[in-house]
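Below are some notes on the model, set out as numbered points. Please read them with the structure open.

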Amino acid sequence: IPNGVEIEDIQRKKLDNKNYKFLTVGRSHPKKGYDIIPQVIKKLKKKNIKFMWTVVGQGVSELDYLKDNEISDRIKIIDKIEPEKKSESLNFPPLKLRHEYFKNDFFIMTSHLETFGMVLIEAISYKLLVISSNSKGCRDVIKDGHNGILFKAGNAEDLTNKIIYLLDDYNLREKIFNNSQKDIKNYEWNRVSENYIKLYDELLN
């Protein structure tokens, strides 16, 4: 049974093809594959694609390769976002992270390994289009060409090509968006809760 998300009733943001907005979320760790981001940014700049790539996560501000002067005009780094406490309950994802989901168009997952891509289903719930590595955990959530696009983990050239491929194909974007919004309903908390109740009933009976 997968983790769940709260699906908010939000309007899909109109895509601005003069300034695409990419988002990556996750703490700093070698398995996250952030080292390919500078390579991809440089390749996209050579293609004259206008974009801003936001990377959010604990420790990302300490990664020297994300401070490369050649990419400074195309990357925004936000370190750890603390969950806020409100009315004795925690908001997940935190409000500041929700704002980042709201502001962006595409979610890019560069990980080499994930147990479960929680941020992938969060991104889809906020109506972002997903481009993810084909690593274990990620490919359990994203089906290539169906509800997202997969690239070869650790391969900057392939990620660059897949980004351009999705930017250039309106019909593919619409197909992926529609499928992802249907699939995300399987991760809605009500559905997940029902599955747990059913499992417990089966175990007890």
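1. I163 is a convenient place to start. Beyond its neighbours within four places in sequence, I163 is in contact with F22, V40, L44, I108 and I131. The model is predicted, and everything below should be read with that in mind.

2. I108 is one of those partners of I163. The two residues are 55 positions apart in sequence, and their C-alpha atoms lie 9.0 Å apart in space. I108 sits in strand β6. Is I108 buried or exposed? Its relative accessible area is 0%, and the cut-off for burial is under 20%, so I108 counts as buried. With neighbours within four places in sequence left aside, I108 is in contact with F22, L23, T24, W53, I131, L159 and I163.

3. Several of these names recur in the largest nonpolar core, which has 32 residues. F22, W53, L159 and I163 have the most contacts inside this core. Two or more residues each come from β1 (20-25), α1, β2, β6 (106-109), β7, β8 (149-151), α5 (156-168) and α6. Which element gives the largest share of this core? It is α5, with 6 residues. A second, separate core has 24 residues, including Y101, F107, Y126 and C138.

4. Helix α1 deserves its own point, through I41, which is found in this helix. I41 has 0% relative accessibility and therefore counts as buried. Leaving aside neighbours within four places in sequence, its contacts are F51, W53, I71, R74 and I75. W53 also appears among the contacts of I108. From I41 to D73 there are 32 residues in sequence and 10.0 Å in space, C-alpha to C-alpha.

5. S135 is a buried residue in a loop. The loop in question runs between β7 (129-133) and α4 (138-141). The relative accessibility of S135 is 4%, under the 20% limit, so S135 counts as buried. Which residues does S135 touch, not counting those up to four places away in sequence? They are S111, H112 and L113.

6. Two backbone angles should be checked. Most residues other than glycine have a negative phi. N48, which is not a glycine, has a positive phi of about 60°. N48 is placed in the loop between α1 (37-46) and β2 (51-56). With 63% relative accessibility, N48 counts as exposed. K127 is the other case: its phi is near 70°, again a positive value in a residue other than glycine. K127 is found in the loop between α3 and β7.

7. K127 comes up again at the second largest pocket, where K127, R12, K13, K14 and L15 lie nearest the centre. This pocket has a volume of about 290 Å³ and is lined by 17 residues. By class, the lining has 8 nonpolar, 2 polar and 7 charged residues. Helix α6 (residues 170-183) gives the largest share of the lining, 3 residues.

8. How many cavities of 30 Å³ or more does the structure hold? There is 1. The volume of the largest cavity is about 30 Å³. Its lining is made up of I121, I124, N147, S180, D183, I184 and Y187. At least two lining residues come from each of α3 (118-125) and α6. The lining divides into 4 nonpolar, 2 polar and 1 charged residue. Helix α6 thus has a part in this cavity, in the lining of the second largest pocket and, with two or more residues, in the largest nonpolar core.

9. Some overall values for context. The protein has 7 helices and 8 strands. Of its 205 residues, 47% count as buried. Among contacts with a separation of 6 or more, 62% join residues 24 or more positions apart; the pair I108 and I163, at 55 residues apart, is one example of a long separation. The protein exposes about 11300 Å², and carbon and sulfur atoms supply 47% of this area.

Methods: Residues numbered from 1 in each chain as written. Predicted model: local features only at pLDDT ≥ 70, side-chain atom pairs only at ≥ 80, totals over all residues. Heavy atoms only, no water. 1 Å grid on protein atoms, 1.4 Å probe; cavity = no way out; pocket = protein on both sides within 12 Å on 5 of 7 lines; lining within 4 Å. Points joined across faces, edges and corners; volume = space filled by probe spheres on them. Helix = DSSP H or I, 4+ residues; strand = E, 2+ residues; numbered from the N terminus. Nonpolar A, V, L, I, M, F, W, Y, C, P; charged D, E, K, R; others polar. Buried < 20%, exposed > 50% of the residue type's maximum accessible area, 1.4 Å probe, protein only. Contact = heavy atoms within 4.5 Å. Areas by Shrake-Rupley, 256 points an atom, 1.4 Å probe, with all protein chains shown as cover. Core = buried A, V, L, I, M, F, W, Y, C linked by side-chain atoms within 4.5 Å.
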